[in-house]
Structures are given as C-alpha cells and as structure tokens.
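Got your viewer open? Let's take a walk through this one, a stop at a time.

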Amino acid sequence: MRLAIEQAERVKGSTYPNPPVGAVILDADGQVAGVGGTQPPGGPHAEVMALRDAGHRAAGGTAVVTLEPCNHHGRTPPCVDALVAAGVSRVVYAVGDPNPVAAGGSARMADAGIEVTAGVLADEVSRGPLREWLHKQRTGLPHVTWKFATSVDGRSAAADGSSQWITSEAARADVHRRRAVAEAIVVGTGTVFFDDPALTARLPDGTLADRQPLRVVVGEREVSSDSKVLNDDSRTMVIRTHDPHEVIRSLADRTDVLVEGGPTLAGAFLRAGVVNRILAYVAPILLGGPITAVDDVGVLSIAHAQRWRFDGIEAIGPDVLLSLVPN
Ligand SMILES: NC(=O)c1ccc[n+]([C@@H]2O[C@H](COP(=O)([O-])OP(=O)(O)OC[C@H]3O[C@@H](n4cnc5c(N)ncnc54)[C@H](OP(=O)(O)O)[C@@H]3O)[C@@H](O)[C@H]2O)c1
C-alpha cells in the first residue's frame, strides 16, 4: 500500500476532478508485477495502468489500490471489470469510494469471487494523497491550505516590508513542489504591491514546472499591468472583493487551493473559517517589528483562541514545516 501511495503522490494535481489514485499489482507469488497512477481526465485509472504494467502476471495475483475500484462507466469503463477480466484473485484497498455513482465496486468484485480487503492504511491515504479530493466530495468546496513563511517570532516580513527570503532555499523548493500540485494560488493585492511575486511553480534550476496553478489576486485596488503576476507564465484571475466566501465560490470547480497571504488576506480567510489546513514554514530567525504573519483572526481573549492541532512536523533544511488541521 505504501508503494501505491507513492504512485498516487506522483500523479497528485494532474487528475482533478478525478481522484489521484495509486495501484500496485502483485503476482501470484506476491512479487510486484506492475504499478500505476491515475492519468489526466479521460485517461486510464490507476488500476488499468498497473494491470497494463503487470500484463499476464496479474492472473491469480493481488491488486492493491488506494481507493475502492470504481464501478461505473464514466469517460472510462469500470475498473472492477478490468480487475475481473485480468483474473486477479484478491483486491486490497484503503478508502471506500464516497461517491455514490462510483461506489459498489467492492460488492461487485466479491460477487465475482474476488477476495476483498478494505481499510488498509486508510488514515494515511485520507490525510495524504486523497485529502483534498475527499474534502471536495464531502463538502462540494475546494480544500483550502493557508501557507506562510515566518520567523520564529511570528513575523512574515521585516519592519520595512521586505520578506524575501525568510526561509531557506530547501523550504522554498518545497513550496514550489506544492504549487505545482495545487490548482490555484491566492494572494491579496498587498502582496503583489510589496513583493511583486510571479506566483509560478518553478524547478530548482529556475525553469517553470510543467503544470502551473491559476494565480488569483484578491482586492479592490488596480494591479499594475507590469506586475509579474500578470505575465504569460500562467493564467491569472483578479477578484475584486474582500469576501473569502466569494473567492471560494469563484474557485468552486477546483479541488486544491493554496492561500499564500499576506497577513490581511490570511486573517480574513481564518476569520471566515474557510481554511482547512495551515502550512507554516518556520525559520530560525528573529525579525521583531510590526508585521505579523497574520492579522486579526477574530480572537479577543484566550478563551476564544482558534484551536488547531499538529498533523505533521518536518525538518526542511534549517527550517521546520508545521502542518496543522482544525481541532
Ligand atoms: N511571509 C509570507 O509568507 C508572506 C506572504 C505574503 C506576503 N507577505 C508580506 O506581507 C506584506 C503584505 O501584507 P498585506 O496584508 O498588505 O498583503 P495581502 O493580505 O496579500 O493584501 C492585502 C490586501 O488584500 C485585499 N483584501 C482581500 N480581502 C480582504 C479583506 N477581507 N479585508 C481587507 N483586505 C482584503 C485588500 O486589497 P485592496 O485594498 O486592494 O482592496 C488588502 O489591502 C508584505 O510585507 C509581504 O512581504 C509575507
């Protein structure tokens, strides 16, 4: 299943609105015979890719899949049919398909005499590769991550407004990997005026990644036409509002949205309760001064603090990445 999760992580970001799924086929002796991940919409699903990779070795073997194999004709035929036709004798999956149209794969396979095991590493898959897609299935809304870089004393810029760079090259490379997977990056006009960021996903050598998220600028002020955010490297949407809900509605067809600040916009999103995960890149530097990582989040006394819990803590070069989810 860990190998299947790896396959899912590789295709994450390229499959929406379909889920990023990974699959592994073991032959009858339990050896890895094939691996695969979901292809972009209209292309084969993970099970079919892994079956193709395994060829005749799938017969009598086991399919290990991060999501319950689908049981419906979408743009591609049901994956359960492919598994039955290939003659696999056992299917192991992590997470049941919450989509009523696609669900029922498990029962169909059991009817065909396949031994089915559900729930293996379900938590790891739900919090990992399928996190954003499952959120979208549950709520109908995109999953929103607020990402920011901060000094250890909670500042997101020095007193003069400069913030490039708070964190290390390694941490910034991690941000670029996440941008390449996200479908939209949101900032306020303030960040465009202060930092003039390109908001593109770039590789360590500075070249553009294959996939670029939609860039979204929120605010009422006019953004200068020579701002990097309006260059030709990706598409850009300007939303003239201060209402985070309106921003989310404008991005309703997306699954994975990254809010990159600054403190005013982040505060508005946190006050509105529309943030589903926080990623804090914390650098071992002190900045002091008035520019905090986030403005008012609507908390006046400690009794009303927004409570989150750590979902992951990771060292990245000299920095630390804290991942938090609502408590
Ligand atoms: N360390 C980091 O991760 C990070 C990330 C980004 C920025 N920064 C730093 O943050 C500073 C810029 O801060 P900032 O707060 O001006 O940036 P911002 O939050 O990106 O932009 C603020 C603007 O967003 C608009 N806006 C959207 N929704 C709003 C709402 N509900 N309420 C009020 N305004 C709303 C307003 O634009 P209009 O006035 O046009 O309506 C407001 O002026 C810079 O020093 C930058 O370097 C740091």
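The tour goes from the ligand to a set of annotated residues. A note before we start: this is a predicted model, where local features need pLDDT of at least 70, side-chain atom pairs count only at pLDDT 80 or more, and totals for chains, interfaces and linings use all residues. Residues are numbered from 1 along each chain as its sequence is written, and side-chain values use heavy atoms, with hydrogens and water left out.

**Stop one: the ligand.** Select the ligand and the 25 residues around it, each with a heavy atom within 4 Å of it. Among those that come nearest are Thr-191 and His-242. Now look for polar contacts (pairs of N or O atoms within 3.5 Å). A side-chain N or O atom of Thr-191 sits 2.6 Å from a ligand oxygen, and a polar backbone atom of Gly-161 is 2.8 Å from an oxygen of the ligand.

**Stop two: helix H8.** Which helix gives the most to the shell around the ligand? Color residues 189-195: that's H8, with five residues in the shell.

**Stop three: an annotated trio.** Select His-45, Cys-70 and Cys-79, which an unreviewed UniProt entry annotates as "binding site"; such annotations may be inferred rather than shown by experiment. They're spread over 35 residues of sequence, yet their largest C-alpha distance is 9.2 Å.

Zoom in on His-45, in the loop between strand E2 and helix H2. Is His-45 buried or exposed? His-45 counts as buried, because its relative accessibility is 19% and the cut-off is under 20% (1.4 Å probe, protein chains only). Finish at Cys-70, in the loop between strand E3 and helix H3; Cys-70 is buried too, at 7%.

Technical notes
Polar contact = N/O pair within 3.5 Å; in protein donor to acceptor, adjacent residues only side chain to side chain. Helix = DSSP H or I, 4+ residues; strand = E, 2+ residues; numbered from the N terminus. Buried < 20%, exposed > 50% of the residue type's maximum accessible area, 1.4 Å probe, protein only.
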